[in-house]
Amino acid sequence: MQDYEESLSFLGTWGPFQKRVFYLLGLAIIPSGYNLLCVIFLLAAPPHHCSIPHHSNLSHDWIQASIPVQVAGRPERSSCSRYELDQVQNLSASGTTLGLDRIHNLSSPQVLLSSLTQEGCRDGWTYSTEHYQSTVVSEFNLVCSDQWKQPLTSVFYFLGGLLGCFVSGQISDRFGRKPVLFGAIVALSIFSSALAFASSWPVFVVLFFMLGLGQLTCYIVVFVLGSEILIGPTRVIFSSLYLPWAYAFGELMLPVTSYLLRNWRHLSLAMAVPGLACIPLWWLIPESPRWLVSRGRIQEAELLLRSAALQNRVEAPHVIFFTAKVEKPTSEKAESANFLDLLRTPNIRHITLILWFIWFSNNVCYFGLSFNMSSLYGNPFLNYSLLTAVELPAFAACWLAARRLPRRQSYVCFVLLGALALLLIQLTLNSQPVLTLILVLVGKFGLLAGTGVLYTYTSELSPTVIRTTAMSTCAMFSRVGSSVSPYLLQLAVFNQFLPWIVVGALSLLSVVICVFLPETFRQPLPDTIQQVAVPQRFRWPWASTPPPKEGWKSAEDTTAAPEVICTTCL
């Protein structure tokens, strides 16, 4: 197992077999990216105010006057109250035209109407259709007294992802990458279609939870599958550039689709299409031979690799894995590897706890940034398209860093850039909307590039026998962070800058914690728990790489450093 990649050197790095896996896995990731930010558009809250029934016999001017004006930053009509309708009707019936010229000028206080008693929206709400024809919020009236249901709905979606990561990681390590991948794709298609037929908010929440089960699971398994099948430079390009760009392409499709389909039920049906289109890939994407070897299924792995050799028109050696007998006991022991093994030894426990916290804080920041975008001015479809488009240069920067720079140093630099940009937003939020948007994009760039490095870092720190479980548990904690992020907007009630300050502070804290992790750049990929790197008590990110442990090959001794490079938009 330690010489796994050397055993596969006869295949080369860019033959027909590798090309097929390379491009097909990129297609398989699109459904996951397409569904990532569905929570933003399905649960969009359009501007709204109390509905005035037609039978009230009020003129247009009096209907406008019946909604109080709130002056907080900028004048806005109240979303959850109106002047008592009977009093307004009495004024209208008496022929009063008191100060109606002031009604149209929201910058002037409605002095003559301010003495009237206010009441709640007894006749429902009228929603703006400027950007959305219908959303879950407008259809089920998740506003005012029921506004608490908006973030809770998002929480259920992310909790679904949390459960999916926890369960699918162990299933994938035990039964294989391929079944879990396509199970997640099928789940995305089924439950996104079912959302369109939800008749009530509780039904929608249950289906939304099930949809979350498959979204992140799909990305994690594609990443692991590609990083274990591909080797050398091909793996670097695939996991650090091609895969995230394919993921971002799926993300970019959603704002475009939402712009064309302004009804949330139609959008839900459209979300099922990419997953359905990927189902035939089951017959084209192979299982991971590295996983087969780690489970002791040497014959199956050799059969798969001999088939790959035929596709590449190269001759396979008579015996591919000379260490099969030696590694069999390790493989048999791997069958019992589970979630608890991440905490069993001091080395892996130290690394696991740090990674869990960093993944949690990164996802609080990432999704908190996305949810806070709704508080910025401008077209939401354009804003979220820009927020997604900035991922392309972030992925390119991550790829360049993955080739030349240590993981820890790269993570610190990228996240520090994002944190500083987010902390500066409080200086421009009210006065410079364009500059604020630029700072948000810079913050997204830094956080996303840092998350890409973190994905690489996590994979290189995790042994093969439990790699998917390790990454799935990290993704599980990231989903805990995602579940917290919808409530960041609620902090704006106390101070409008508080959400941005929390996001920036968490980013800085993750930078500090990262320095306690060992460096993995150009170090051999661990296959067993005993080969996990020794953590550092304290080491500056720019410090030199410590020498490899005894019995390990250094980067100079290996023909191709077994790096696993990946980035993600979790």
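How much space lies in the largest cavity? Keep that in mind while we walk through this predicted model; the answer comes at the second stop.

**Stop 1: the whole chain.** Start with everything shown as a cartoon. You will find 24 helices and 6 strands. Now colour by accessibility: of the 570 residues, 57% count as buried. The outside amounts to about 23400 Å² of exposed area, and 64% of it is supplied by carbon and sulfur atoms. If you draw a contact map alongside, look away from the diagonal: among contacts with a separation of 6 or more, 83% are between residues 24 or more positions apart.

**Stop 2: the inside.** Rolling a probe the size of a water molecule over the atoms shows where empty space is left. Across the whole structure, such a search turns up 6 cavities of 30 Å³ or more. The largest cavity holds about 80 Å³ of space. To centre your view there, select L342, T352, L355, S462 and A470, which lie nearest its centre among the 13 lining residues. Then add two helices, α18 (346-372) and α23 (467-484), each of which supplies at least two residues of the lining. The largest share comes from α18, with 5 residues.

**Stop 3: a nonpolar patch on the surface.** Switch to a surface view and select V186, I190, L276, I279, W282, W283 and L284. Together they make a nonpolar patch of about 680 Å². Zoom in on W283, which sits in the loop between α14 (273-278) and α15 (289-294). Is W283 buried or exposed? Its relative accessible area is 66%, so W283 counts as exposed, the cut-off being over 50%.

**Stop 4: two backbone angles.** Most residues other than glycine have a negative phi. With that in mind, select C144, in the loop between α8 (136-140) and α9 (149-175). Here phi is near 55°, a positive value in a residue that is not glycine. C144 is partly exposed, at 23% relative accessible area.

Next, jump to R313, in the loop between α16 (298-312) and α17 (324-334). R313 is not a glycine either, yet its phi is positive, at about 60°. How does R313 sit with respect to the surface: buried or exposed? With a relative accessible area of 79%, R313 is exposed.

**Last view.** To finish, show three selections together: the lining of the largest cavity, to which α18 gives 5 residues; the nonpolar patch that includes W283; and the loop residues C144 and R313.

Conventions
Residues numbered from 1 in each chain as written. Predicted model: local features only at pLDDT ≥ 70, side-chain atom pairs only at ≥ 80, totals over all residues. Heavy atoms only, no water. Helix = DSSP H or I, 4+ residues; strand = E, 2+ residues; numbered from the N terminus. Buried < 20%, exposed > 50% of the residue type's maximum accessible area, 1.4 Å probe, protein only. Contact = heavy atoms within 4.5 Å. Areas by Shrake-Rupley, 256 points an atom, 1.4 Å probe, with all protein chains shown as cover. Patch = residues over 30% accessible without salt bridge, like charges linked within 9 Å, V, L, I, M, F, W, Y side chains within 5 Å. Salt bridge = Lys/Arg side-chain N within 4 Å of Asp/Glu carboxyl O. 1 Å grid on protein atoms, 1.4 Å probe; cavity = no way out; pocket = protein on both sides within 12 Å on 5 of 7 lines; lining within 4 Å. Points joined across faces, edges and corners; volume = space filled by probe spheres on them.
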